[in-house]
Amino acid sequence: MGARSLEDGSCWWCGQLADSKEHRFKASDLRWMFKDSPSLWLDAGERPARIKGPGAKAVLFPEVLCRDCNSERSQPFDEAYSVFFRYICADTERFRHPTEYSMEKIYPFDVQGPGNLARYAMKNFACRIASRGFEVPQQVIEFMNGAEGT
Ligand SMILES: [Zn+2]
């Protein structure tokens, strides 16, 4: 199956009905940021938008994924991102100047961790592509399905 677009209402990843809205930013990160603030400002368009909660429309992609792909199927990728995020938050100074990072230090017991982190980012890029009405390239879908990146 080839790449898909928003117009046909199908999940860009698997082709099922797209009935799930992916967060543009990880929902748990948003909940963490809302812990100490009743609202946040998102400056990602023509004008900054005030968002009042982690479910605000401004922080969600339109429905370009199905529930399966947006939950169980991408769960390992979300977890890899969470591990990465916790590593950053544990000591933000170690990310101040280096130009490269050791994935073995971030994922000492998970050889799939770096690839899953890359797939977390790729899922976000693909949702952005699909939400703008463009077709997600087949290579992206193959990468999400486990093909090695080059
Ligand atoms: Zn799907």
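How many disulfides does the structure hold? In this predicted model, the count is zero. The cysteines are nevertheless a good place to begin, and the zinc ion offers a natural starting point.

Four cysteine sulfurs serve as the protein donors of the zinc ion: the SG atoms of Cys11, Cys14, Cys66 and Cys69, lying 2.3 Å from the metal. Around the zinc ion, these four donor atoms subtend angles of 103 to 119°, which makes the arrangement tetrahedral. For comparison, the ideal angle for four tetrahedral donors is 109.5 degrees. Along the chain, the donors of the zinc ion are spaced as C-x2-C-x51-C-x2-C. Cys11 belongs to the segment before strand 1, whereas Cys66 sits in the loop between strand 4 (60-65) and helix 2 (67-70), so this pair ties together parts that are 55 residues apart in sequence. Cys11 is buried, at 0% relative accessibility, and Cys66 is buried too, with a relative accessible area of 2%.

Two further cysteines deserve a look. Cys127 counts as buried, at 0% relative accessibility. The closest cysteine sulfur to that of Cys127 is in Cys11, at 8.2 Å, which is too far for a bond, given that a disulfide requires two cysteine sulfur atoms within 2.5 Å. Cys89, in contrast, is partly exposed, with a relative accessibility of 38%.

Attention now turns to the helices. In helix 1 (residues 27-34), the buried residues are Ala27, Asp29, Leu30 and Phe34. Viewed down the axis of helix 1, these residues fall within an arc of 155°, so they line one face of the helix. A general property of helices is helpful here: an α-helix has 3.6 residues a turn, so residues three or four places apart point the same way. The partners against which the buried residues of helix 1 pack are strand 1 (20-23), strand 2 (40-42), strand 3 (49-51) and helix 3 (75-90).

Helix 3 has 16 residues, and at 1.5 Å a residue these should span 22 Å; the end C-alpha atoms of helix 3 are 22 Å apart, which agrees. Its buried residues are Phe77, Asp78, Ala80, Tyr81, Ser82, Phe84 and Tyr87. Among the elements that cover them are helix 1, helix 4 (103-106), helix 5 (113-131) and helix 6 (138-144). Helix 1 and helix 3 thus appear in each other's surroundings: helix 3 is among the elements packed against the buried residues of helix 1, and helix 1 is among those covering the buried residues of helix 3.

Notes. Residues are numbered from 1 along each chain as its sequence is written. This is a predicted model: local features need pLDDT of at least 70, side-chain atom pairs count only at pLDDT 80 or more; totals for chains, interfaces and linings use all residues. Side-chain values use heavy atoms; hydrogens and water are left out. Buried means under 20% relative accessible area, exposed over 50%, partly exposed in between (1.4 Å probe, protein chains only). Helices (H or I, at least four residues) and strands (E, at least two) are DSSP runs, numbered from the N terminus. The arc is that of the directions from the helix axis to the C-beta atoms. Contact means heavy atoms within 4.5 Å. The expected span of a helix is 1.5 Å times one less than its number of residues. Donors are N, O and S atoms within 2.8 Å of the metal (3.2 Å for Na, K and Ca); water is not among the atoms, so sites may look incomplete. Four donors count as tetrahedral if all angles lie between 85 and 135 degrees; four count as square planar and six as octahedral if opposite donors are over 155 degrees apart and all others between 65 and 115; anything else is irregular.
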